[in-house]
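I opened the notebook to follow a few strands, rings and packing groups through one chain. My entries follow the order in which I looked things up.

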Amino acid sequence: MRKALVFAALALFAAQGLALEPKQAELEHNGWFRYTNQSTSFGITNPDVSRFALERGYIRLSYQWSSQFFTKFTLDFFSSDKYAEGSTVRLKEGYADLALPLKDFNLTAGLQKHYFGLIYSWDYTHPDKSLADIQGIAASADYGLTVNGFLPGGLGELQLGLYNGEGYKYAGKYVNKSPELLANLRLTPFAGVMAGVSVFRNAEDHVAYKNDVAAGKLSTDRKKWLLPDTVNKGRMGLAPVVKFAFGPVSLTGEYIIYNYTREFGYYTADSTTGKIVDSTRLVSEKRYAQSGLDLIPLVSLAKRKFDVYARITTWERKEDGTRNDAKSSLSYGGGFNYHFIRREKGKPGLALQVAWTRNQTKAEGAKPTDTFIAQFRFEWAQIVPEFIAQ
């Protein structure tokens, strides 16, 4: 029984890093080599997508300056069609931790985790992304300041954050003056059970108003020339989360609510010719209300070498109170992980991951999309010898 409880506790906090001693540095690499096959109605021999790619290539360097000060920097080298070379690099982390007078609490400044729902602790037991990531609600990292730490007696964790709000992919001119406010609480009342809730609020997204007719397009009713200056206002996300882990069995769940109002700039157009008849810029609004549930039951077998899991996800999108069937869906599927090597505290080392997901939208007559993922995952970390680190 004691082993089961220890395992459960480790499973809840598997995403946490290792604590370093003062003056120690750590080098870490995360690599994912993936095959993806995506088809309509299980047509895997005639797929729409069939490709190999290096989906992740994290290089992390951490340094524990003293017991009160810690820094971390991460670059992601991965396959991409953005450039002719077929690869690119992205800044993923770059922050400093400063211990606060309150025990087990830090001030974190820089590009860091975005503490919303499950996205910041998503450990890719399922090789696909978290629900918030898939639906584009929140990025896994962002630039900002957070106060974060652990509650007394192992009761859980708390984060309060002030972020840019655009996510780690955007900087400079793509960041507006409206910051995001966030609060996140997770409670672990006893081993094997975690429950929590996150909420963020952002007055508006970045506005890229160009007043560029050439970059616009005609609306579907041909009465408006839509300008590329949309902005989402009053963004609000709420995500209750829960995880149960007893012995080899666990269940992870998340429910997301995401609301905002989108403003559109447009000119009036002639529905017959499609040409602009009045160059006075007008504005219209549309209210979006989205919500969804994500559940992942999992069984770990053979001393945690073999994981078997399922995943069920729902998503509903309403626009001005009417459901958009093409954007509302049910997804389900399953897969397994075989761990050739696990690292300390149960973290993945070398593993094979295989997953299948079927996505069916609510649109009438729409055919399902099937996605198969087979991935080798290889991750290691090593303390850097002192004569190199200094």
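**Entry: strand pairing**

I began with β9 and its partner β12 (residues 231–246). The two run antiparallel and are joined by eleven bridges. I picked one residue to fix the register: V193 has F244 in β12 as its bridge partner. I kept in mind throughout that this is a predicted model.

Next I looked at β8 (residues 180–190) against β9 (residues 193–204). This pairing is also antiparallel, over nine bridges. Here I noted L181, whose bridge partner in β9 is R201. β8 and β9 make a hairpin, with two residues between the strands. In that turn, G192 has a positive phi of about 100°.

**Entry: the largest nonpolar core**

Which residues touch the most other members of the largest nonpolar core? I found F116, A132, I137, L182, F200 and I256, out of 18 residues in the core. Then I asked which elements give two or more residues to this core. They are α2 (131–134) and β13 (249–269). β13 supplies the largest share, four residues.

I followed F200 further. Setting aside residues up to four places away in sequence, F200 touches F116, I137, E180, L181, L182, R235, M236, G237 and Y258. L181 had already come up in my strand notes, as the bridge partner of R201.

There is also a second, separate core. It has ten residues, L118, W122, Y124 and I296 among them.

**Entry: aromatic rings**

How many aromatic pairs does a search of the whole structure find? The count is 17. I checked F33 with F52. Their ring centres are 5.7 Å apart and their planes lie at 5°, so I logged the pair as stacked. F33 is in strand β1 (residues 25–40) and F52 is in strand β2 (residues 49–66), so the pair ties together parts that are 19 residues apart in sequence.

Are these two rings buried or exposed? F33 is partly exposed, at 38% relative accessibility. F52 is exposed, with a relative accessible area of 59%.

I then turned to a cluster. F116, F200, Y258, Y260 and Y288 form one aromatic cluster. F116 and F200 were already on my list for the largest core.

Two charges over rings went into the same entry. The charged end of R262 sits over the ring of Y288, 4.9 Å from the ring centre. The charged end of K224 sits over the ring of Y266, 4.6 Å from the ring centre.

**Entry: H339**

I located H339 in strand β17 (residues 329–342). Its relative accessible area is 6%, so I entered H339 as buried, the limit being under 20%.

What does the side chain of H339 make polar contacts with? One contact is with the side chain of D307, at 2.8 Å. Another is with the side chain of R342, at 3.1 Å. Leaving aside neighbours within four places in sequence, H339 is in contact with R304, K305, D307, L350 and A351.

**Entry: K303 and R304**

R304, a contact of H339, led me to the loop between β14 and β15. I looked up the backbone there. Most residues other than glycine have a negative phi. R304 has a positive phi of about 70° although it is not a glycine. K303 also has a positive phi, about 55°, and is not a glycine either.

K303 is found in the loop between β14 (276–301) and β15 (306–319). How accessible is K303? At 84% relative accessibility, K303 counts as exposed. R304 is partly exposed, with a relative accessible area of 23%.

**Entry: G110**

My last stop was G110, in strand β5 (residues 105–113). I listed its contacts, leaving aside neighbours within four places in sequence. They are G94, Y95, D142, Y143 and G144. I also took a long-range distance. The C-alpha atoms of G110 and L227 are separated by 34 Å. Along the chain, G110 and L227 are 117 residues apart.

Terms used: Residues are numbered from 1 along each chain as its sequence is written. This is a predicted model: local features need pLDDT of at least 70, side-chain atom pairs count only at pLDDT 80 or more; totals for chains, interfaces and linings use all residues. Side-chain values use heavy atoms; hydrogens and water are left out. Buried means under 20% relative accessible area, exposed over 50%, partly exposed in between (1.4 Å probe, protein chains only). A polar contact is a pair of N or O atoms within 3.5 Å; within protein, one must be able to donate a hydrogen and the other to accept it, and residues adjacent in sequence count only if both atoms are side-chain atoms. Contact means heavy atoms within 4.5 Å. Two strands pair if DSSP finds at least two bridges between them. Rings of Phe, Tyr and Trp (its six-membered ring) pair if their centres lie within 6.5 Å; planes under 30 degrees apart count as stacked, over 60 as edge-to-face and the rest as tilted. A charge sits over a ring if NZ of Lys or CZ of Arg is within 6 Å of the ring centre and within 35 degrees of the ring normal. A nonpolar core is a set of buried Ala, Val, Leu, Ile, Met, Phe, Trp, Tyr and Cys residues joined through side-chain atoms within 4.5 Å.
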